[in-house]
Each structure stands twice: as structure tokens, then as C-alpha cells.
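Please take a moment with the sequence and the model shown here, and follow the strands from one chain to the other. The paragraphs that come after it begin where the two chains meet and then move on to the sheets.

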Amino acid sequence: MRRVRYRVSCRRAAFLLNRLLSVGLLLSEIDRGEEKLCFSVSYLDSPRVEAILVEYGFEYHKGGYLGAKALLMRVLSRPFLLFSAVLAIVLVIVSQSFVYSYSVSGNRLVNTATVEAILREKGAVGIVSKRSLDTAELKKAVSALDGVSFASVKLEGNRLLVEIKEELPRESPDEVLYTPVTSISHAVVTRIVAENGTPVVRSGDRVSPGDVLISPTYAFTEGEAPAPARGEVWGLVTYEKEVILPLFTIDRVKTGEIYRSRSLSLFGKEVAPAALPPFGEYDLTERVLYRGIGVTITEKTYLRRAAVTVCHDFESEASALTDTALADLLLTVPFYARERGCVGVTQKKLDNVLYIVLYYKTEQRIDSSFASS
Amino acid sequence: MAYLEDIKRIFGSERAGECEVLLSGRSALVISGHKGLSSLSDGEIVVRTKKASLRISGADLRLVQASPAEVYIAGKIRSVEYVEPTGEVGS
């Protein structure tokens, strides 16, 4: 326990001691000198001591704590504890002089394994003494790697940090493409704006996919020179869809007849197959009734279907069929051309078959440069 | 001081009293059951007890430790004697 030592100036030492003892204090190391009294008390008792000294007007000096000395004595009396503490301190000091790990950061294109190989080659991988580590040399070696613009190698605690700044990727020089602008669909050209190159079609021309619209040349008085073709070409494109509805069709309809049978499988092998239904056309559904310890019992349900000749009513079914076909047709039209077009429908009956042809005409970009963008 | 209990048992509590004085050799003295200190000097320490004061004479006397129950005195002890309140020296 920490103790506090007091040196009190007093002539009546006995009086002061009696006052202190009257409040139950334990005084130790009492030393009486000429007109002074020295004693030690517990640190916890010091407020009571001081209260008495102040109350009776004694001048006093509060000495240093005795705790440090006591602590030292206690530590010295525990050799194993002392040894452990010293050993811990030594280990901490020794461990601070080694590098245990490393990290590579900042690289995106430069391979980390390449940097690690450099570190390994220079002996910077594993448990390495800080003294034997030459960060300047490591920095030089890492900086020499392809794609590394700047490298920083530094120690942070027991860790080697390698930070890399990469070179900016080399920009490829602008490639001048002397490719023509071509058509991407069947269309009738409506507008053509050639920003560069020479237009080879005019408004009203009918073009097919792959036809050249703007050639990559520039014509002048002495001939032609290559020039990158660039421009916008608009055309009237027709999307078409035909649906056929025969007057009579043969449909396979469910008759409502159901046939059920069960099969038994042992460890995945069917040992008792399900019986087949007495009818040939059916829809089959399967349901596992039991599965456990290698045994599987499956129930198969056969729903009979039969071929039935259906007579269609053109008047009533044509409208619904047209709507469905139109929806399908619009799905084939590019989204940027869907709202500018107009729909046309023609119907004709031929040999008990109704032919419905839908047209969707729209003006849209037909040049390949637009399609590629 | 468990043996003091034995002393009380042997002499009886009336004879044993409430103050015990233990002199160990000539240099260590323990007084338990005291009532305070009357005087303190190198040559003499007077300790009050319930019925009389106890005067310890000698040289280089020091109060090593003191508590409300006991005082520990060290030094070259020459005599320990009771002093009656009237000033007479008791046995």
C-alpha cells in the first residue's frame, strides 16, 4: 500500500501523536528530531492527518510516496515476475528490429506477383532484420519494373509497405478508318447528310443491308483522295409480319380422361416401372410420394389428349390475332423508331386460309455508323 | 499475542489488567492497551495507561510505530517503571 511521509514542525510531539492516535491512525517510521516530528501513514489516511495538522495549526511538509520503494521491493521479492517482465521487454525490443510482413498497394496493371518476386529476390520476404533491409535498393528495383512510374518502399512498424504509382496507359494513336458508311436495312433513302466522304446515294434510292451510302473518298479536280466517311443517312424502313389462320385446324385438346400409375425405384434404379396408359397421346406429370433410405415411389399422372378438328370463325378471331401479331411486330422494330411509324394491315382469304399481313413503316437512321454507336 | 490470553487465564483477569508490556531483549518494547503518550525524548518515553503511566528510560529511544492499540519502542532500554499519577514510582 502506498504510504505518505509527513514532516511536522512541532515542539509537543507527544501531543500531536496523541491527537493522531485518537482518531485511530496507524503511524510508522516515527522519527523525532529537534522541534520536528516525522512519521508515515497510509495514503488513504493522509486526509485525516492533514485535517488534524490544519486544525491545530501545525506546519507540515508532505513527503514523497513510499509506494515506489515498496513496489520495487515487492517486485524484487518476485523473481519470476521480474524475469518475465524483463523477458517481455527484451522480446518487444528484439521484435521491433524485424520485419515480418509486406504489402503491395497502388498497382492495378502491374502484377503483384512480379513485385513479390522482386522482394523475394532482394531477401525482403519472411522474417527479415530491419538492418539488412535496404529500402533504397528495393525502391530502385521496383521502380525499374515495366509500367511503374514511381515506387515508394518504407517500413511501418514490422511491415514493409510498397506503394506503386503506375504509368498512364499509352494512348493508341487515332486510327483513321477509311471504311464506308453502309446501310443496315432495306429502306428507301429519305435524307443524307455527309459530314465527311462522298455520298453515293440520293433521296429516293432503295438500298439493301450492306449497300454503301457514303464512300470514304474525297473527290477533287485532280482525282480522289481517301477520307474517313462520316454522316447521317435516314430512310423509310418497312417492317412486315404475316400471320395465317386456316379455317380448320387440328388441335390436341384434353379429354379429361386421367390415368395414374406408380413406379418404385431402389437407389435410383427403377425396379417396378409405372404402367403405361391405354391411350397414346397424353400430358405427363410426376409426383414423388415417398423418398427415403434409397426407396422412391413416384406417381405418374397421364392426362389424355385427343386430336380434334376445330373450325375457326375468321370474323371473330381475326381482330385478336391482328393485335397479337402487331405486338410481336413492334418488338422487331428498334425502340428509337417505334413512335414515328404508321401501321398498315391487309387481309385476304385464299383456299379457306386467312392471311393477315401487317406493315409498320417508319423513318429511321439506316447508316452503319449509327448502328455501331 | 495469543499467549497473553494464556497469561490472563493463569493469573486471572483482575491481576492481568488491560495493559500488556512486552520487553524483548533490551532493545524492543511493545506496549498494548495504552492511553496515549505523555512525553517523548531520546532518553525517556512516558506512555499513559489506564491507571498509571509507564516510563521507559534508556538511550536512543525511538517510537517505531504507534497505533491506538499499541506502541512499538526501540532503543537501548534501561528501565521500565510505573509512575503513579501523584508522581510516586510504582512497582
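Strand 2 of chain A, which covers residues 27-33, pairs with strand 5 of chain B in the antiparallel sense, and two bridges make up this pairing. One residue to look for here is L27(A), whose bridge partner in strand 5 of chain B is A66(B). The model in which this pairing appears is a predicted one.

The pairing of these strands can be set beside the contact of the two chains, to which chain B gives 15 residues and chain A gives 13 residues. The size of an interface is often given as the accessible area lost when the parts come together. For chain B and chain A the buried area is about 1,100 Å², and 61% of it falls on carbon and sulfur atoms. As for charged links, the count between chain B and chain A is one salt bridge, and the side chains that meet in a salt bridge are those of R32(A) and D42(B), at 3.5 Å from N to O. Which elements give two or more residues to the side of chain B that touches chain A? They are strand 3 (36-40) and strand 5 (53-66) of chain B, and of the contributions to this side, that of strand 3 of chain B is the most, with five residues. Sorted by class, the side of chain B that touches chain A holds six nonpolar, seven polar and two charged residues. Across the interface of chain B and chain A there are also five residue pairs in polar contact, with both residues at pLDDT 80 or more.

Within chain A, the reader can turn to an open sheet of five strands, which has the order 13-11-17-23-22 and antiparallel pairing. Its edge strands, each of which pairs on one side only, are strand 13 (206-207) and strand 22 (342-350) of chain A. Further in along this order, strand 11 (residues 187-196) of chain A and strand 17 (residues 230-246) of chain A are antiparallel and pair over seven bridges, and in strand 17 of chain A the residue W234(A) is the bridge partner of R191(A). Strand 17 of chain A is also joined to strand 23 (residues 353-365) of chain A, by 13 bridges and again in antiparallel fashion, and Y239(A) has Y360(A) opposite it in strand 23 of chain A. Strand 23 of chain A in turn runs antiparallel to strand 22 of chain A, with nine bridges between them, and K348(A) has Y355(A) of strand 23 of chain A as its bridge partner. Strands 22 and 23 of chain A form a hairpin with two residues between the strands, where D351(A) takes a positive phi near 55°.

Strand 18 (residues 248-266) of chain A runs antiparallel to strand 21 (residues 295-311) of chain A, and 16 bridges join them; V253(A), for instance, has A306(A) in strand 21 of chain A as its bridge partner. Three bridges join strand 18 of chain A to strand 19 (residues 269-272) of chain A, also antiparallel, with L264(A) opposite A272(A) in strand 19 of chain A. The hairpin of strand 18 and strand 19 of chain A has two residues between them, and F267(A) in the turn has a positive phi of about 50°.

How values were computed
Residues numbered from 1 in each chain as written. Chains lettered and ligands numbered in written order. Predicted model: local features only at pLDDT ≥ 70, side-chain atom pairs only at ≥ 80, totals over all residues. Heavy atoms only, no water. Contact = heavy atoms within 4.5 Å. Buried area = accessible area lost by both parts, 1.4 Å probe. Salt bridge = Lys/Arg side-chain N within 4 Å of Asp/Glu carboxyl O. Polar contact = N/O pair within 3.5 Å; in protein donor to acceptor, adjacent residues only side chain to side chain. Helix = DSSP H or I, 4+ residues; strand = E, 2+ residues; numbered from the N terminus. Nonpolar A, V, L, I, M, F, W, Y, C, P; charged D, E, K, R; others polar. Pairing = 2+ DSSP bridges.
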